2 protein chains.
Amino acid sequence: MAEKKIPKATARRLPLYYRYLRFLYEAGKERVSSAKLSEAVKVDSATIRRDFSYFGALGKRGYGYDVEALMNFFSKTLNQDRLTNVALIGVGNLGQALLNYNFRRNNNIRISAGFDVKDELIGTIHQGVPIYDINEMVEQLEMQQIDVAILTVPSEIAQEMADKLVKGGVRGIMNFTPIRVTVPQEIRVHNVDLTNELQTLIYFINYYQDFDKKEEKETSDNPLNDLFYNE
Amino acid sequence: MAEKKIPKATARRLPLYYRYLRFLYEAGKERVSSAKLSEAVKVDSATIRRDFSYFGALGKRGYGYDVEALMNFFSKTLNQDRLTNVALIGVGNLGQALLNYNFRRNNNIRISAGFDVKDELIGTIHQGVPIYDINEMVEQLEMQQIDVAILTVPSEIAQEMADKLVKGGVRGIMNFTPIRVTVPQEIRVHNVDLTNELQTLIYFINYYQDFDKKEEKETSDNPLNDLFYNE
DNA sequence: TCTATATTGTGAAAAATATCAGAGGAGGTA
DNA sequence: TACCTCCTCTGATATTTTTCACAATATAGA
């Protein structure tokens, strides 16, 4: 673990590369160049080569990259070779949509437990996922050895729930609430703030029109980077 | 419009500041310092001061910032002083969750029209929002002068829908599909890729443990910056 | 085998972002 | 008024990220 010092910006693009490599593999492609990849993921080809180079020499000059080998490499790098169980805290509208989202499809990630306060939800099974009482959260998290949680609860109890997650041994939190929760430094928090996103988008279309932007480029930006947190 | 050259990183943090300022205002606070703000939004105080300074001298030395004045300033800057109508393309699980999300609450943003292909949805009203046939999309977008759309359709038709959105005059797209759509350069696309987010989070907790990270800092990262796109 | 073409890997430069640190006020108190 | 404390604003610096541009080298074809 930890070849160390993969820039964060690079790390955030890895899933993007991985997904497209899987697509190419399923389409029967054997090789791909950084230029082709660039078109699909909308990341400059030099950036792609630089990103890959942090992991060593993965390609061949004059040839490109071997799709299958690269896909397998990223699969390992992204821990896709083993199943990651995730807990869903708060089974409301958004929570239920995420249950239906099926992260599993092509990904070794699944929501394996839900938690809520509502009596009518507790004890039921949604999309194959059992919903527990939020009071059992700490012990269930420990018992099921879950180390990633998705937080979709009302803002008012976001911090409280974050504290419980920490107590339950979770190491990563995907926070959909607008609250920036306080957690110990070793815990990773990624914020996905939908209202923020929308406001930023609106700000951009009104003030940036199309300044800069490379002539040809059709889209851009840091995928998600923004939605986030913890560096 | 366009005081020009507000760094993108700064722009992405504005909604965060704005939200907290509203909270302070409602709590009756009259002034706030960058240090206090920093605690709440988890952004370094020097970064906050720098961000604010791009808009001129908004604070007073030795005093801090006037909450109400600053809130109003950001409200204008973020176009919160007028209502922004948004279209929802694809009323599936995620789409419906977003309809329930109520962006409007405290924000001048609302989903004003939904589009789908399903006969059982077309013509109905969800959360007060009428759902139209996707075939009427271009004309409805034009008629209703909508310039922001949320894309929550199956990947297979993401590009096709993006093309229609462009035809309908939309200037900003919040893309929830994993496809990086191709659009003319003047159209802004922000990608919110949930699977990506989760994979990145898992990568981080496995490889970054807690390297760097300032001693005291409890959380961090670029809020959203990452979830995104178009620069 | 030779040559033309494709495409990586990477120094070096540029651009964007974040942080430090201190001069300069502002407000409050006696 | 004098003085102390708080806190902004900003030049300078550090860090991170992106991009340029080209030597190196693999493949394909003649």
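A residue is near a molecule or strand if one of its heavy atoms lies within 4 Å of that molecule or strand. By that criterion, 26 residues surround DNA strand C, and the closest are A:Ser34, A:Arg50, A:Gly59, A:Gly62 and B:Arg61, while 25 residues surround DNA strand D, with A:Arg13, A:Arg61, B:Ser34, B:Arg50 and B:Gly62 the closest. This is a predicted model, in which local features need pLDDT of at least 70 and side-chain atom pairs count only at pLDDT 80 or more, whereas totals for chains, interfaces and linings use all residues. Residues are numbered from 1 along each chain as its sequence is written, chains are lettered from A and ligands numbered from 1 in the order in which they are written, and side-chain values use heavy atoms, with hydrogens and water left out.

**DNA strand C**

- Sugar or phosphate accounts for 58% of the strand C atoms within 4 Å of the protein, and bases account for the rest.
- The side chain of B:Arg13 places a polar atom 2.8 Å from a phosphate oxygen of strand C, and a polar backbone atom of B:Gly62 lies 3.0 Å from a base nitrogen of that strand; a polar contact is a pair of N or O atoms within 3.5 Å, where within protein one must be able to donate a hydrogen and the other to accept it, and residues adjacent in sequence count only if both atoms are side-chain atoms.
- From chain A, α3, β2 (59-60) and β3 (64-66), and from chain B, α1 and α3, each supply at least two residues of the surface near strand C; helices (H or I, at least four residues) and strands (E, at least two) are DSSP runs, numbered from the N terminus.
- The surface near strand C divides into 7 nonpolar, 8 polar and 11 charged residues, where Ala, Val, Leu, Ile, Met, Phe, Trp, Tyr, Cys and Pro count as nonpolar, Asp, Glu, Lys and Arg as charged, and the others, Gly among them, as polar.

**DNA strand D**

- Of the strand D atoms within 4 Å of the protein, 61% belong to sugar or phosphate and the rest to bases.
- An N or O atom in the side chain of A:Arg50 lies 2.9 Å from a base oxygen of strand D, whereas A:Arg61 brings a polar backbone atom to 2.8 Å from a sugar or linking oxygen of strand D, and a polar backbone atom of B:Gly59 is 2.8 Å from a phosphate oxygen of strand D.
- Two or more residues of the surface near strand D come from each of α1 (8-26) and α3 of chain A and α3 (45-53) of chain B.
- By class, this surface has 7 nonpolar, 7 polar and 11 charged residues.

**Individual residues**

- A:Asp51 sits in helix α3 (residues 45-53) of chain A and counts as buried because its relative accessibility is 1%; buried means under 20% relative accessible area, exposed over 50%, and partly exposed in between (1.4 Å probe, protein chains only).
- The side chains of A:Asp51 and A:Thr10 are joined by a polar contact of 2.6 Å, and, leaving aside neighbours within four places in sequence, A:Asp51 is in contact (heavy atoms within 4.5 Å) with A:Thr10, A:Arg13 and A:Tyr17.
- B:Arg104 lies in the loop between α5 (93-101) and β4 (109-116) of chain B, and counts as partly exposed because its relative accessibility is 40%.
- Not counting residues up to four places away in sequence, B:Arg104 touches B:Leu83, B:Ile109 and B:Arg110.
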